[in-house]
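Please open your viewer and keep the sequence panel beside it, since this tour moves from one selection to the next. At each stop, select the residues named and look at them before reading on.

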Amino acid sequence: MASLSTRIVIRATNRELDIPTGLFINNEFVPSADSPNDLIHLVNPATEETICSVAAGSAKDIDIAVAAARNAFNTTWGKNVTGFERSKLLNKLADLIERDQDILAEVESLNNGKPFKIARDFDIGDSIQCLRYYAGWADKITGQTIEVDNKTKLAFTRHDPIGVCGQIIPWNYPINMWAWKIGPALACGCTIVMKPSELTPLTALMLSKLIAEAGFPPGVVNTIPSLGSVGGAALSAHMDVDKVAFTGSTVTGRKIMEAAAKSNLKKVSLELGGKSPQLVFESADLEQAANWACLGVLYNTGQDCTAGSRLYVQDTIYDKFVSLLVSKAKELVIGDGFDEKSGGGPLVSKTQFDKVWRYIESGRAQGAKVALGGQKRPGKGFFVDPTIFTDINANMDIVRDEIFGPVLAVGRFKTEEEGISLANDTSYGLGAGLHSNDANQCMRVSSALEAGTVWVNQYNLLNNNVPFGGKKQSGIGRELGSYALDEYTSVKAVHWNFGEKLDWPL
């Protein structure tokens, strides 16, 4: 049998690590049941070198993991453990992640490419907070007592854990998305089969070790690295999965929803793509608006579902603002994730790199003007520098499509009404932003923007206690906050008769 771990060296820190490479089922790492020779080869996007290979799970492996999750739900988790115990285990898991924060950040940077400091301080720091937030909810999930007839009857509701959950997470925030999914599901008493992205499964496997170390019973969390077309498809269509949660593209979201409907009509939550707008009005603090606009499209090198990739600027300040924006975008260093100067890393893969460059070339071909960037770097690594287009129109691909790279399309508007119309002219509705120092305008525009999240005089910052999700083709359901608990519970109404006698026959 092939080894179920491998040793890697983080060159930047000289750290040697043993990384699990098997499938995590029932708190053990195991080989694939029917395809032990199938492997997923992982690449460092900064160097294009192979990091290591991990087991590629099959549909049969998904079946085994689902059976383990079902058994745990029926015996050691679900309704068989108190909220206090769930809370204690979630807090223990958060403590272990905090203990291993540097190690996890190094592997995240190696596998995903993002800067180590950002992985450590933002992604993992936020994930620890997320788990502790949901640990606080675990013993506070309550229903209602409802008056029916005080003399003879009452009714009450229970919020039961929904059951076995398939969770499919993306490659842009591997640890963060893991915590967003795990936290509310475990707090509610659900069990999980997790499918991390085939591009970035390493930290999910490391976190699985911490699940066992924290003391979660076997089968509560299972992790199956797999191709989306195999593991993701199997989870979505599985007859013994009660709910599937997915973060990723709208195209894949449609397939998941279809498979869920055609199988057992399982509950579905989808956090999908976006083509999010930002509006800059003439009353805005232009210096701050430029900073937030850069953060909106350049954070995580643009690989962000809420990336503010369409920017519309009021015509009276357009030229001044674009000049300021370009100068600020030039200041961001896109480089190796272990270089302290880097504020952004490479794109995650050759596929993503090629896709982003097709859009840059399309922008040129369709008549947009390159105000910054647009030149390929020599050498290894999937690096793309900040690229800003002006002179755009609504029919250009760079304006219509989600790019998922550091590419910004900048347009102009005259009136508030025109700005709102341009912002809402998209099939997506995940995020939107506006910058203005007119309080009345902020209220009007934030109400009119068609998005699940609207930022006013900031952008891209989320909080674990505030719900997040999309409208239109950006998805259904909500993550974060108390709203996420609804995605993992089923409401049961109990009608109790303690006084009415039924006469029969009717």
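What follows is a walk through several places in this model, which is predicted.

**Stop 1: charged pairs**

Begin with the charged side chains, for which a search of the whole structure finds 30 salt bridges. Side chains of opposite charge can pair when their charged atoms come close. Select R120 and D121, whose closest N and O atoms are 2.6 Å apart in a salt bridge. Are these two residues buried, partly exposed or exposed? R120 is partly exposed, with a relative accessible area of 24%, and D121 is partly exposed too, at 42%.

Next, select D139 and K140, where a salt bridge joins the side chains with 2.9 Å from N to O. D139 has a relative accessible area of 43% and K140 has 46%, so D139 counts as partly exposed and K140 does as well.

Then move to D385 and R377, whose side chains form a salt bridge at 2.7 Å, again taken from N to O. Here D385 is partly exposed at 27% relative accessibility, and R377 is partly exposed at 33%. Salt bridges can also share partners, and to see this you can select K79, R158, D160 and K492 together, which are joined in that way into one network.

**Stop 2: a buried asparagine**

Select N111, which you will find in helix α3, a helix that covers residues 101-112. With a relative accessible area of 3%, N111 is buried. Which backbone oxygen does the side chain of N111 reach? That oxygen belongs to L199, and the distance is 2.9 Å. If you show the surroundings of N111 and set aside its neighbours within four places in sequence, you will find contacts that include L42, V43, P45 and I51, as well as T200, P201 and L202.

**Stop 3: cysteines without a bond**

Now select C165, C188 and C190, and ask how many disulfides are counted in this model. The count is zero. For C165, the closest cysteine sulfur is in C190, and the 3.9 Å between the two sulfurs is too far for a bond, because a disulfide needs them within 2.5 Å. The sulfur of C188 also has its closest cysteine sulfur in C190, but at 5.7 Å, which is likewise too far for a bond. C165 is buried, with a relative accessible area of 0%, and C188 is buried at 4%.

**Stop 4: a nonpolar patch and a cis bond**

Go on to the segment after β24 (489-497), where L502 is found. L502, W504 and L506 form a nonpolar patch on the surface, and together they have about 500 Å² of accessible area. L502 itself counts as exposed, at 67% relative accessibility. While you are here, look at the peptide bond from W504 to P505, which is cis, with omega near 5°; P505 lies in the segment after β24.

**Stop 5: two positive phi angles**

Finish with two loops, selecting L265 in the loop between α8 (250-262) and β13 (267-271), and F404 in the loop between α12 (397-400) and β18 (407-413). L265 has a phi near 55°, a positive value in a residue other than glycine, and F404 has a positive phi near 65°, also in a residue other than glycine. Which of these residues is buried and which is exposed? L265 is exposed, with a relative accessible area of 68%, whereas F404 counts as buried at 15%.

Conventions
Residues are numbered from 1 along each chain as its sequence is written. This is a predicted model: local features need pLDDT of at least 70, side-chain atom pairs count only at pLDDT 80 or more; totals for chains, interfaces and linings use all residues. Side-chain values use heavy atoms; hydrogens and water are left out. A salt bridge is a side-chain nitrogen of Lys or Arg within 4 Å of a carboxyl oxygen of Asp or Glu. Buried means under 20% relative accessible area, exposed over 50%, partly exposed in between (1.4 Å probe, protein chains only). Helices (H or I, at least four residues) and strands (E, at least two) are DSSP runs, numbered from the N terminus. A polar contact is a pair of N or O atoms within 3.5 Å; within protein, one must be able to donate a hydrogen and the other to accept it, and residues adjacent in sequence count only if both atoms are side-chain atoms. Contact means heavy atoms within 4.5 Å. Patches are made of residues with over 30% relative accessible area and no salt bridge: like charges are joined within 9 Å, nonpolar side chains (Val, Leu, Ile, Met, Phe, Trp, Tyr) within 5 Å. Accessible areas come from the Shrake-Rupley method with a 1.4 Å probe; for residues, only the protein chains shown count as cover.
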